[in-house]
Amino acid sequence: MATTLISGGTVVTATGRSAADVLVDGEKIAAVLAPGSTLLGQDLARSVDTVLDAAGKYVIPGGIDAHTHMQMPFGGTEASDTFETGTRAAAWGGTTTIVDFAIQRYGERVMDGLAAWHEKAAGECAIDYGFHQIIGDVNDDSLKAMNSLLDEGVSSYKLFMAYPGVFYSDDAQIYKAMRVGAETGLMTMMHAENGPAIDAMVAELLAQGKTDPYYHGVARAWQMEEEATHRAIMLANLTGAPLYVVHVSAKQAVEQLAAARDNGQNVFGETCPQYLYLSLEDQLGAEGFEGAKWVCSTPLRSKHEHHQDHMWQSLRTNDIQMVATDHCPFCMKGQKDLGVGDFSKIPNGIGSVEHRMDLMYQGVVDGKISLERWVEITSTTPARMFGMYGTKGVIAPGADADVVIYDPNGHTSIGLEKTHHMNMDYSAWEGYEIEGHVDTVMSRGKVVVNNNEYLGSKGHGQYVRRSTSQYLV
Ligand code: URP
Ligand code: ZN
Ligand code: ZN
């Protein structure tokens with residue numbers, strides 16, 4: 001088995017940083033050693049197959065993006081990244097594991113949905129991947145099937161309080177599913193927006209001739225998110241189900257989560273880079289149809305209400321536990337443009353899987369989070385939250401050798417012509433400048449990106465079987 005020494009770097013974990021060498025043996029981390037350590041009197045650097053020089057750089061566990069939608073059928077089209085293109089882009093950006101969403105649609109069986117997603121991903125991925133299960137039709141059969149998800153390595157499922165007629169569950173269905181969640185230990189993931197009320201408001205706006213992408217954000221008001229978040233928390237409280245609210249964007253929703261956590265409930269929140277950097281006015285409100293590039297749900301929030309600053313603060317205080325992308329890319333041409341003249345027909349989603357590690361590192365540079373917190377919210381907590389910790393999310397002996405060498409003196413210019421590997425005809429992050437750079441990415445011991453060169457291969461990525469959350473109190 002090939003051995004690699006990552007030498008001279010600063011190993012950063014969720015709990016600290018230290019000068020250390022990392023010895024990789026095959027697919028695993030074999031040892032974390034004092035710099036320049038010897039083995040049986042021998043200079044380690046001379047006895048391994050490869051030495052990666054990490055002097056002046058950070059050595060961190062590979063990123064884990066726990067919320068992606070590769071080739072998801074949605075909004076009358078399909079997310080434009082396949083498992084092949086999306087995981088390759090993820091690797092470019094220092095992410096070495098994704099957790100994507102298998103889907104049970106209305107009228108379908110849960111295990112058929114899961115099998116279909118295995119088929120889409122198997123042999124296609126550049127990095128490791130796991131699945132959450134979307135339950136789009138809560139009924140006796142799917143409730144029973146939920147009991148078998150853990151045996152399949154799926155320890156979390158997602159419900160939608162939004163999208164009536166598509167994935168929507170009503171309160172009785174949510175209650176029943178959460179009862180199973182509580183019994184099995186499955187994490188309930190919730191899309192918390194009041195879908196029926198949103199649809200009523202969408203109809204009103206369209207009838208008034210308000211058809212631009214901006215009105216997507218108006219219709220999906222923060223009250224819709226706060227109310228649904230509160231309702232989900234109460235149903236979780238009643239049933240005892242652990243709850244993880246996805247793509248949180250409103251500060252009022254964060255306040256609901258924080259209050260529930262203060263109350264001792266196992267309630268967690270995820271935000272995404274778009275809710276930290278982008279706004280209703282600057283992006284959704286862009287000239288003409290441009291705003292469609294940033295139509296996603298929950299929507300971008302008003303900068304005048306300071307949701308973005310509050311979200312950064314929530315990351316510091318652990319009121320929000322982690323950052324995923326909700327990567328769900330669509331091209332402008334032929335996809336987003338389905339909604340010209342009617343914002344409600346714009347497919348919902350933004351593509352960011354490639355840029356999450358960089359965008360969050362910029363938060364370190366800007367003094368918004370610490371270096372250790374960067375690692376925690378992008379890798380360690382996702383691993384613990386979704387039952388992968390020990391194998392993933394940490395630099396320690398026995399863990400998978402998913403390692404990123406990150407250069408704090410490097411630079412990354414994000415843009416379609418510059419650094420873009422996602423299958424999209426635009427970048428939602430065009431023009432963003434990052435004061436750092438992903439130099440080297442190792443996935444289970446294999447270098448997949450090095451010095452701006454892609455060395456990975458389709459099919460290297462393996463399915464990750466997950467256990468129940470290691471984050472519960
Ligand atoms: O706009 C979004 N978030 N698209 C993906 C589907 C979802 O709700 O996560
Ligand atoms: Zn969602
Ligand atoms: Zn999503």
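Which of the 14 residues around ligand 1 come nearest? They are Lys158, His191, Ser297, Asp326 and Asn348. The model is predicted. This briefing covers the surroundings of ligand 1 and then the position of Ser379.

**Setting of ligand 1**

- Ligand 1 occupies the largest cavity.
- Around ligand 1 there are 14 residues, including Lys158, His191 and Asn348.

**Polar contacts of ligand 1**

- The side chain of Lys158, one of the residues that come nearest to ligand 1, places a polar atom 3.0 Å from an oxygen atom of the ligand.
- In the side chain of His69, an N or O atom is 3.2 Å from an oxygen atom of ligand 1.
- For Tyr163, an N or O atom of the side chain is likewise 3.2 Å from an oxygen atom of ligand 1.
- Ligand 1 taken alone exposes 270 Å², of which the protein buries 100%.

**Location and burial of Ser379**

- Ser379 belongs to helix 14, which comprises residues 371-385.
- Ser379 counts as buried because its relative accessibility is 0%, and the cut-off for a buried residue is under 20%.

**Contacts of Ser379**

- From its position in helix 14, Ser379 extends its side chain to the backbone oxygen of Gly62, at a distance of 2.9 Å.
- Leaving aside residues up to four places away in sequence, Ser379 touches Pro61, Gly62, Gly63, Ile64 and Gly393.
- Gly62 thus appears both among the residues that Ser379 touches and as the residue whose backbone oxygen the Ser379 side chain reaches.

How values were computed:
Residues are numbered from 1 along each chain as its sequence is written. Chains are lettered from A and ligands numbered from 1 in the order in which they are written. This is a predicted model: local features need pLDDT of at least 70, side-chain atom pairs count only at pLDDT 80 or more; totals for chains, interfaces and linings use all residues. Side-chain values use heavy atoms; hydrogens and water are left out. Helices (H or I, at least four residues) and strands (E, at least two) are DSSP runs, numbered from the N terminus. Buried means under 20% relative accessible area, exposed over 50%, partly exposed in between (1.4 Å probe, protein chains only). A polar contact is a pair of N or O atoms within 3.5 Å; within protein, one must be able to donate a hydrogen and the other to accept it, and residues adjacent in sequence count only if both atoms are side-chain atoms. Contact means heavy atoms within 4.5 Å. A residue is near a molecule or strand if one of its heavy atoms lies within 4 Å of it. Accessible areas come from the Shrake-Rupley method with a 1.4 Å probe; for residues, only the protein chains shown count as cover. On a 1 Å grid over the protein atoms alone, a cavity is a set of points where a 1.4 Å probe fits but cannot get out, and a pocket is an open set with protein on both sides within 12 Å along at least five of seven lines; lining residues have an atom within 4 Å of a point. A molecule sits in a cavity or pocket if more than half of its atoms lie within 2 Å of its grid points.
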